[in-house]
Structures are given as structure tokens and as C-alpha cells.
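Here are some short exercises to work through with the coordinates open. Try each task before reading its solution.

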Amino acid sequence: MNTDPISDFLTRIRNANSAGHKTVVIPASNVKKEITKILFDQGFILNYKFEDDSVQGSIKIALKYDKLSKVPVIKKLERVSKPGLRKYTNSSSIPRVLNGLGINIISTSKGLMTGKKASSQNLGGEIICNVY
């Protein structure tokens, strides 16, 4: 039994990155699918595929590495809001990640989106994670 599936999702990606794997397979959910789409749109992962072969389905993610030095593109992937301590923010005080070089993923009333997009749409919400 997993009490925090988003944290498990981030940990699987982090572990596969540090081990140098090309792909990682993760059990699917709607929130995980949205986070995967955001990571792809922002250029942190190479590709993804949603497979609905079982009851729950799975997400197959191709990780992205630097071509020359083989260093992972994702340097840090950290959970901000945890089940025991939720972190909320309004649109005017969304924190910047690594002075604007990273992204934060925020759960708003209009769905999951990056901090910049939420700020431009004047939306606040729960800070899910930071990526850089």
C-alpha cells in the first residue's frame, strides 16, 4: 500500500535517473499523467507513452540525458506539498525555482500547470513539486 502515489512517481523517476536507465515504467493515474505531460512539454523527459493494458494501466517514460556527458537533464525532483503538510500559495507569491531556471508544478482549480502559467492566469493552488 502506498500512501503518497505522487511521491512514489517522483522517486521512481529520480532513482531511474541516478541509475542511468533509459526508460522507467510507473503505474498510471490521472494526476501522474498530467505531471508527465508537463515534464515532457518543459523538456525534462524525452518521450512518454500511456499504456492501458491492465486495470490501472501504466506510464512508460523515456528519460532525457545530455548527449555529450550523459548527465541526466533532471538535476533535482522534489516533492513540496506532502500529505502531512500541504503547501498552498496564491498567484502573487508563487515561488521561483532556481531563479527561474526550474519549474514548479501547481495544482489549481483549472488543473495541473506550471507556476509561470498559473501566475499568468492569476491562479493559486497547491505546490506539488519542483523540478530543475
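Buried means under 20% relative accessible area, exposed over 50%, and partly exposed in between (1.4 Å probe, protein chains only). This is a predicted model, where local features need pLDDT of at least 70 and side-chain atom pairs count only at pLDDT 80 or more, while totals for chains, interfaces and linings use all residues. Residues are numbered from 1 along each chain as its sequence is written, and side-chain values use heavy atoms, leaving out hydrogens and water.

**Exercise 1.** Find how far apart Asp-8 and Arg-12 are in helix α1, and classify their exposure.

*Solution.*
- Start with the contact: the two side chains, Asp-8 and Arg-12, form a salt bridge at 3.0 Å, N to O. A salt bridge needs a side-chain nitrogen of Lys or Arg within 4 Å of a carboxyl oxygen of Asp or Glu.
- Next, the spacing: about one helical turn separates Asp-8 from Arg-12, because they are four residues apart in helix α1. Helices here are DSSP runs (H or I, at least four residues), strands likewise (E, at least two), numbered from the N terminus.
- Finally, exposure: Asp-8 is partly exposed at 21%, and Arg-12 is partly exposed at 33%.

**Exercise 2.** Work out which parts of the chain the salt bridge of Arg-86 and Glu-126 ties together.

*Solution.*
- The closest N and O atoms of Arg-86 and Glu-126 are 3.0 Å apart.
- Arg-86 sits in the loop between β4 and β5 (88-89) and Glu-126 in strand β8 (residues 125-131), so the pair joins parts 40 residues apart in sequence.
- Arg-86 is partly exposed at 40%, whereas Glu-126 is buried at 12%.
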